[in-house]
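Reader: I would like to go through this model with you, beginning with one of its helices and then turning to the strands. Could you take me through it?

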Amino acid sequence: MEQRHLGRTGLRVSRIGLGTLTWGRDTDEHDAADLLKTFWEAGGNLVDTADVYGDGEAEYLLGQLMDGLVPRRDLVISTKAGSVPDPDRRVDGSRGHLLSALDASLARLGTDHVDVWHLHSYDPATPLEETLQALDIAVASGRARYAGVSNFCGWQLARAATWQLAAPGSRARLASTQMEYSLLQRGVEREVLPAAVDTGIGLLPSSPLGRGVLTGKYRGDAMPPDSRGASAHLAPFVEPYLDDTASRIVDAVTTAADGLAVTTLQVALAWVRDRPGVTAPVVGARNARQLTAALSVEALSLPDEICRALDDVSAPVHRYPDHDWSTL
C-alpha cells in the first residue's frame, strides 16, 4: 500500500487507516485479529483507536494483538483522549486528565509510546494553552511521537496550530486532525481543510463511507439485519444520512461505479482518499471480508470527469464569506 507523509512531518503512514471504533463491543477478539492481520499483510500500518472506544476495550484488544500477531514496530498507533462519560461535561481537556488518560492508554496498549496522540475534541471550559501543553509534555517525555487534534472546527484548529508553531523547538507542531469527511459530509471543506493545508496538518477522514451509506447497502429502503443501521446503538449514527439528499448522491456514486466496473465502496473511498489535504481515510470494517473490499481501492484512481461529476452532485452550499462577496 502506498504511504504518505502525515502533514508536514517525517512520519509516513499507509494511505488507508484501520479504525477500531467497534472493537471490544461489536467486534470480538477473533474478528479483530483477522482485521489486523489482513490490514498488515496488505501493507497497512496506521491503526486508529481511542480511550473511550469500547470503554477502553478497543485499546486493550489492540494491545493483546500486537507483537503476538503483528509486530509493534510495523504499526503506527494513533489514539485519542479527552472524551469523558459525563453528561454534564462530555470533554475534559485539562492537563491532568489528558496526561492520566495517556498513561492509562499506554497501559492498555501494552506499549511505552503511541505514534500519534490526538485530542478527541475541543474543551471550551479549559484554556487551550493548558490543553496543548499536555501534547508538548507527552511528546517531550517520549510517550507520544507526534500530536494531533480531532473534531476541532476551523478557528479552533487554526488557533491551536499557530500557537504550537509560535515557539518552534519547545512546542510540538500538530501533525494531523481527524474529522468526518465523505461525499455525504463535506463540511470540513468550508474552513477546517483550508486551515489544515495552510498550517501543514494532514487530514485523517473518519467515516469516509458516509457511515456505511455510500456502500449502497441502504438503497431503496433496504436495511440489512447485520448493518449498523439495524443496530440498536448505532442506528442513530446512520439515520441522518438516510435522507433524499444522500440518496441522490448514492445514486450518482452507483452510476459512476457501474461505468467503471467497480463497486460503490471503491468509488466513494477513492474520492475522499485523493482529495487535496487528505493523508489517509480511516476505515472501520466489521470483518476481514469487508476490509478486503475496502483495501481493494488501492489500485483505483478516479478519472477527472468522474471526480468533477461527484463534486457537483455532492457540493455543499458555501456562500458568504467563503466566496468573493461581489459575486453573490
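**Helix H2 and the parallel strands**

Author: In this predicted model, the buried residues of helix H2 (residues 57–65) pack against helix H1 (29–41), strand E4 (46–48), strand E5 (76–81) and helix H3 (95–109).

Reader: Which residues of H2 are the buried ones?

Author: They are Ala 58, Glu 59, Leu 61, Leu 62, Gly 63 and Leu 65.

Reader: And what phi does Asp 67 take, just after H2?

Author: Asp 67 has a positive phi of about 75 degrees.

Reader: Let us change topic to the strands. How many bridges join E6 and E7, and in which sense do they pair?

Author: Strand E6 (residues 114–119) pairs with E7 over 5 bridges, in the parallel sense. Within this pairing, Val 116 has Tyr 146 of E7 as its bridge partner.

Reader: Which helix belongs to the β-α-β unit with E6 and E7, and what is the handedness?

Author: Helix H4 (residues 128–140) is the helix of that unit, which is right-handed.

Reader: Why is E7 described as largely enclosed?

Author: Of the 7 residues of E7, 5 are buried, so the strand is largely enclosed by the rest of the structure.

Reader: What about E8: how many of its residues are buried?

Author: Strand E8 (residues 174–180) is mostly covered, with 7 of its 7 residues buried.

Reader: How is E7 joined to E8?

Author: Strand E7 (residues 144–150) and E8 run parallel and are joined by 4 bridges. Between them the chain passes through helix H5 (residues 154–165), and this β-α-β crossover is right-handed.

Reader: Which residues of E8 stand opposite Val 149 and Ser 150?

Author: Val 149 faces Thr 177 in E8, and Ser 150 stands opposite Gln 178 in E8.

Reader: Moving on to E9, what joins that strand to E8?

Author: There are 5 bridges between E8 and strand E9 (residues 202–206), and the two strands run parallel. The connection from E8 to E9 goes through helix H6 (residues 192–199), again as a β-α-β crossover that is right-handed.

Reader: And which residue of E9 stands opposite Gln 178?

Author: That residue is Leu 204 in E9. Gln 178 therefore has a place in both pairings of E8, standing opposite Ser 150 as well as Leu 204.

Terms used: Residues are numbered from 1 along each chain as its sequence is written. This is a predicted model: local features need pLDDT of at least 70, side-chain atom pairs count only at pLDDT 80 or more; totals for chains, interfaces and linings use all residues. Side-chain values use heavy atoms; hydrogens and water are left out. Buried means under 20% relative accessible area, exposed over 50%, partly exposed in between (1.4 Å probe, protein chains only). Two strands pair if DSSP finds at least two bridges between them. A crossover is right-handed if, with the strands pointing away from the viewer, the path from the first strand over the helix to the second runs clockwise. Contact means heavy atoms within 4.5 Å.
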